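Please open the structure in a viewer and keep the sequence alongside, as the stops below are meant to be followed by selecting one element after another.

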Amino acid sequence: MGRSRSNILCFLVLCASFLVPASCHSYSHGALFIFGDSFYDAGNNIYLNTNIPKLNIFPYGETYFKHPTGRASDGRLIPDFISEFAKLPLIPLYLQPGNHHFTDGVNFASGGAGALVETNQGLIMDLKTQLSNFKNMEKQLRQKLGASEVKTLLSTAVYIFSIGTNDYMVPFTSNSTVLQSYSKKEYVKMVIGNITTVIQEIYKIGGRKFGLSKLLPLGCPPISRALEIVRTGGSGCMEEVTVLSKLHNRALPKALKELKSQLEGCTYSIFDAYTAGTAIFNNPSKYGFEEVKMACCGSGPLRASITCGQKVYQLCDNVSEYLFFDGIHPTEKANYQFAKLMWDGSPKIVKPYNLKTLFEK
């Protein structure tokens with residue numbers, strides 16, 4: 001087992017300054033509520049009683065936290081950086097045992113989750129389950145703080161989502177035949193429809209500010225390139241999956257624009273992860289990376305098998321040279337770059353607003 005230990009894993013806390021003088025509550029920063037998949041899950045899956053891989057094993061987490069936290073990276077994830085930029089503490093996990101005030105926000109994300117209930121069904125908390133967890137939390141908050149306090153908290157909060165990747169990847173990495181039952185456009189329409197339904201439900205409860213991301217070119221992470229090697233002998237990107245990301249990325253802004261016209265006071269931010277990711281793939285050294293095709297940690301071709309930390313795996317010498325920590329998940333360095341663009345990037349890459357503007361609005 002090659003285990004050249006490099007700096008591996010960071011964990012950041014998202015927390016919004018919530019000041020509680022004797023009887024009066026004041027929110028000096030909007031709270032941050034986090035929904036989605038393993039790109040945003042800071043450890044909820046550890047507490048699930050299912051056989052989904054938990055990732056609370058070394059070397060996940062080594063870079064920043066110096067121990068595994070359940071984050072799918074060597075260090076911090078995008079929401080960890082967003083909370084830091086927003087001057088919030090690390091945001092607590094919904095499933096983490098203990099008493100939580102939840103007034104800085106909550107992380108509902110679950111690694112492996114999709115917008116479709118069928119994606120990794122029974123193993124994870126899909127987006128619909130995350131929504132019902134959010135509704136439960138809102139009820140608890142109302143009992144503690146009262147309706148008007150909670151209304152203020154929810155209307156000033158920002159709700160960020162990373163969702164869709166698993167809906168499009170799982171049919172290729174499992175024996176699923178779901179893509180034979182629908183046209184590509186129909187399938188994408190279902191995924192987008194489920195995302196917009198959840199946004200509408202959060203809006204009904206009081207949410208107004210939403211941050212979403214387009215998808216990376218999903219044929220290009222190591223796991224997809226390795227599948228392409230097995231299927232065709234070629235080591236390029238797997239175009240069939242990237243086609244789905246492109247369709248999704250075209251449909252998402254249209255759906256959100258339509259939603260905004262229906263929901264008064266609703267505002268949103270879309271980060272173009274596809275363009276940002278493609279720029280790194282095409283010119284890695286410009287962004288400080290040396291390796292964008294192979295994972296830092298894993299096994300098999302391109303170290304793309306998600307076996308990092310398990311019985312047999314290899315680990316790179318210098319994680320900061322890599323775009324991907326394992327076969328699909330970015331390194332902390334890459335997460336920071338993406339988070340920074342989401343936070344205060346120009347309208348070329350995040351629009352109509354960046355997250356900084358959403359927090360200030």
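What covers the buried residues of H4? Bear in mind while looking that this is a predicted model. Select helix H4, residues 165-173, and then display its surroundings: the cover includes helix H5 (178-181), helix H6 (184-205), helix H7 (222-232) and H8. Eight of the nine residues of H4 are buried, so the helix is largely enclosed by the rest of the structure. To see which residues these are, show the side chains of Thr165, Asn166, Asp167, Tyr168, Met169, Val170, Pro171 and Phe172.

**The sheet**

Next, hide the helices and colour the strands one by one, following the order S4-S3-S5-S6-S7-S10, which makes up an open sheet of six strands with mixed pairing. S4 and strand S10 (350-352) stand at the edges with a single partner strand each, so that one side of each is left without a neighbour in the sheet. Looking across the strands, the twist averages 20° from one strand to the next.

Now select strand S3, residues 32-36. Five of its five residues are buried, so S3 is largely enclosed by the rest of the structure. Side chains in a regular strand alternate between the two faces of the sheet. In S3, Leu32, Ile34 and Gly36 lie on one side, with Phe33 and Phe35 on the other, and both faces are covered. Three bridges join S3 to strand S4 (residues 105-107), the two running parallel, and Phe33 stands opposite Val106 of S4.

On to strand S5, residues 158-162, where five of the five residues are buried, so that this strand too is largely enclosed by the rest of the structure. Val158, Ile160 and Ser162 point one way from S5, while Tyr159 and Phe161 point the other way. S5 pairs with S3 in the parallel sense over five bridges, and two places are worth labelling here: Leu32 has Val158 as its bridge partner in S5, and Phe35 has Phe161. Strand S6 (residues 209-213) runs parallel to S5 and is joined to it by three bridges, with Tyr159 standing opposite Phe210 in S6.

**The aromatic cluster**

Keep S3, S5 and S6 on display and add the aromatic side chains. Which residues form one aromatic cluster? They are Phe33, Phe35, Tyr94, Phe108, Phe134, Tyr159, Phe161 and Phe210. In the model as a whole, the count comes to 19 aromatic pairs. One pair to centre on is that of Phe33 and Phe134, whose ring centres are 5.6 Å apart and whose planes meet at 80°; the pair is edge-to-face because planes over 60 degrees apart are classed in that way. The two rings link distant parts of the chain, with Phe33 in strand S3 and Phe134 in helix H2 (residues 127-145), 101 residues apart. Phe33 is buried, with a relative accessible area of 0%, and Phe134 is likewise buried, with a relative accessible area of 0%.

**Charges over rings**

Two further stops concern a basic side chain and a ring. Select Arg208 together with Tyr203, and Arg208 will be found over the face of the ring, at 3.8 Å from the ring centre. Then select Lys333 and Phe289, where Lys333 lies over the face of the ring at 4.9 Å from its centre.

**Two polar residues**

Finally, visit two residues in helices. Is Asn335 buried or exposed? Asn335 lies in helix H10 (residues 332-344) and counts as buried, at 3% relative accessibility. Selecting its surroundings shows that, not counting residues up to four places away in sequence, Asn335 touches Ser73, Arg76, Leu77, Ile78, Phe81 and Pro330.

Ser261, for its part, is found in helix H8 (residues 239-262), and at 62% relative accessibility it counts as exposed. Draw a distance from the side chain of Ser261 to Glu258, and one of its polar atoms will be seen to lie 2.5 Å from the backbone oxygen of Glu258. Since H8 is also among the elements that cover the buried residues of H4, the tour can be closed by returning to that helix.

Methods
Residues numbered from 1 in each chain as written. Predicted model: local features only at pLDDT ≥ 70, side-chain atom pairs only at ≥ 80, totals over all residues. Heavy atoms only, no water. Phe/Tyr/Trp six-rings, centres within 6.5 Å; stacked < 30°, edge-to-face > 60°. Helix = DSSP H or I, 4+ residues; strand = E, 2+ residues; numbered from the N terminus. Buried < 20%, exposed > 50% of the residue type's maximum accessible area, 1.4 Å probe, protein only. Lys NZ or Arg CZ within 6 Å of the ring centre and 35° of its normal. Pairing = 2+ DSSP bridges. Polar contact = N/O pair within 3.5 Å; in protein donor to acceptor, adjacent residues only side chain to side chain. Contact = heavy atoms within 4.5 Å. Axes fitted to C-alpha atoms, helices over the stretch in contact; angles between N-to-C directions.
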